[in-house]
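Hi,

Here is the structure I promised to pass on. Have a look at it first, and then read my notes below.

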Amino acid sequence: MITTVGFQDGTVKTAKGRGIALALLTREHQEGELAYVVNKIGPVTIPPLNKGFWQGKFWPPWLL
């Protein structure tokens, strides 16, 4: 489930109980945010942050 405004406590409890991942997208940087995902064999080059995109933080169900 993805939002731009945050989750209520009941939503977090339901997501955890049902194995649903949560993601928060904001224009501000967040501690522990998901900056990029790479699916590549070999050396990984880190792309520069793009200020025009929303930043995201992802909580898999086992970390809720």
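**What I found**

Strand β1, helix α1 (residues 9-18) and strand β2 together form a right-handed β-α-β unit. Before you read too much into that, keep in mind that this is a predicted model.

To get your bearings, start with the whole chain. You'll find one helix and three strands in it, and going along the sequence they come in the pattern β-α-β-β. The chain has 64 residues, and 19% of them count as buried. About 5,300 Å² of the chain is exposed, with carbon and sulfur atoms supplying 60% of that area. As for contacts with a separation of 6 or more, 58% of them involve residues 24 or more positions apart.

Now back to the two strands of that unit. How do β1 and β2 pair, parallel or antiparallel? They run in the parallel sense, and the pairing covers two bridges. If you want a spot to look at, take I2: its bridge partner in β2 is A23.

Strand β2 spans residues 22-26 and is mostly covered, with four of its five residues buried. One residue to click on in this strand is L22. Its relative accessible area is 2%, and buried means under 20%, so L22 counts as buried. You can also check L22 against V12: the two sit 10 residues apart in sequence, and their C-alpha atoms are 7.9 Å apart in space.

Over in strand β1 (residues 2-3), the residue I'd pick is T3. Is T3 buried or exposed? With a relative accessible area of 14%, T3 falls under the same 20% cut-off, so it is buried too. Which residues does T3 touch, once you set aside those up to four places away in sequence? The answer is A23, L24 and L25. A23 is also the residue that bridges to I2, so have both pairs on screen together if you can.

There is one more detail at T3. A polar atom of its side chain lies 3.1 Å from the backbone nitrogen of V5.

If you'd like a short route through the model, begin with the right-handed unit made by β1, α1 and β2, then go to the parallel pairing of β1 with β2, and finish at T3 and its contacts with A23, L24 and L25.

Cheers

Note on methods:
Residues numbered from 1 in each chain as written. Predicted model: local features only at pLDDT ≥ 70, side-chain atom pairs only at ≥ 80, totals over all residues. Heavy atoms only, no water. Buried < 20%, exposed > 50% of the residue type's maximum accessible area, 1.4 Å probe, protein only. Polar contact = N/O pair within 3.5 Å; in protein donor to acceptor, adjacent residues only side chain to side chain. Contact = heavy atoms within 4.5 Å. Areas by Shrake-Rupley, 256 points an atom, 1.4 Å probe, with all protein chains shown as cover. Pairing = 2+ DSSP bridges. Right-handed = clockwise from strand over helix to strand, strands pointing away.
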